Amino acid sequence: MYLSTHNFFIKKHYIFAAVILLFVSVKTIAQNVSSPYSIIGIGDIENSYFNRTSGMANTGIAYRNSQYIILNNPASLSVVQSQLFLVELSSRAKFVTYSGKGITGNLTGKDFSVERLSLGIRVNKWWGSSVGLMPFSTSNYSFSGTKSLQGTSSTLPVEYDGTGGVNRYYFANGFRITKNLSAGINTSFLGGSLIQQDSLLTSDLSSGLFTTKNIYIRNWYLEYGLQYHIPISKKWEADIGATYAHKTGLKAEYSALVKDERGDTLSNRVTKNDYFTLPNSTGFGISVTKDKKLSFLADYRFQDWTSLNIKGINYSLVNSSRYSAGIEYSKKKQYANILYETFNLQAGVFYHKSYLKINNEQLDDRGFTLGAGVNSKRSLFGYNIAFEYGIRGTQFSPVKENYTGLTISISYKDFWNTKGKKYF
């Protein structure tokens, strides 16, 4: 009887997860916020992990939490609570106002999409694991320009529209090496497509060319992590962490479909097979906690883009660095020798020198975050919300983006094995 009941609950979890996975796969396609800088490379590379650290400016290389799936450093999965089955779903609403010398008028954009689905368990006393889906990069832009007619001095107006992005399908594992040392690896498959549509029309709209360019991107991507826990005293403890990802070439297949104003196909072919290379990436973090309630965190991340020597007209890809710091207060209560979190409050700041340099100006991104979370008293659900405000670019940039974001994360916790002691 126990076996059949246990199997029923396991099936219930898998059905629940499968439905959410299908939902996420559909919803993550929708994009409404335009970012003209995403025309370069593989688009805007995502800096958010859409998890418990979102309210701390995604500061979490040294952060560990036994009740949540933390992917900032895969080594943190080694402390996931025993017997606990975790499901986390995150969505984000984003609002952007555009200004700068390349913008005329008052332009805004808004978007809402589901961003992450994660499932996690503690496999045994030294191994924690998680699988899921989240974005790696996004591309979405729309702007006007002109194109010269070959052999003449004439030009025609052209509209450029781009959509798509690269998704990350991951399988992450954290291992406890010693009592205080943990290591982890995040094995991801990066896959997706970038689509650009060029619309070229004559002034009288009597004829035109419509070109759809597709870039299909795919390959495996590995990230490694280490964490070391330092018990300082009865009240104080610290953690240090590091991450590393080796330079990886993403396979890229380029194709082009050309149609005329009547919709007749003029050309449809694969133009080339090539690679887009991701650089070596490193990260370092530290976390200091008092009484298991108040935590102070700081991160530094670096990507070596300059060595790839990727350049174009008026732009180049250069080394990027991201600095962030966060603070968290976690209110806990004692229930029968169990320390249980009731709510948390968070804040963070960040400064990011991006990998994009335009007209000898490196694009930067800076801002702050606020966050709060609560665990339900009547169910196994937890809720976290994070507010973000940031500025991308300056008044001298072609486009300056003032944006706000709201990330909502829902976590579901249950016991996947009913034998033994259940505890939080």
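**Exercise 1. Find how strands β2 and β20 run relative to each other, parallel or antiparallel, and how many bridges join them.**

Solution. Start with β2 at residues 84-99, then go to β20 at residues 400-415. In this predicted model, local features need pLDDT of at least 70, side-chain atom pairs count only at pLDDT 80 or more, and totals for chains, interfaces and linings use all residues. Residues are numbered from 1 along each chain as its sequence is written, and side-chain values use heavy atoms, with hydrogens and water left out. Strands are DSSP runs of E with at least two residues, numbered from the N terminus, and two of them pair if DSSP finds at least two bridges between them. Here 16 bridges join β2 to β20, and the two run antiparallel. As a check, look at Ser-99: its bridge partner in β20 is Lys-400.

**Exercise 2. Which residue of β20 stands opposite Glu-388?**

Solution. First locate β19, residues 381-392, which pairs with β20 in the antiparallel sense over 12 bridges. Next, look across from Glu-388: the residue opposite is Gly-405 in β20.

**Exercise 3. Describe the surroundings of Pro-157.**

Solution. Begin with the strand: Pro-157 is found in β6, residues 155-176. Then take its exposure: Pro-157 has a relative accessible area of 49%, so it counts as partly exposed (between buried, under 20%, and exposed, over 50%, with a 1.4 Å probe and protein chains only). Finally, compare with Thr-146: the two residues are 11 apart in sequence, and their C-alpha atoms are 4.4 Å apart in space.

Note on methods: Helix = DSSP H or I, 4+ residues; strand = E, 2+ residues; numbered from the N terminus.
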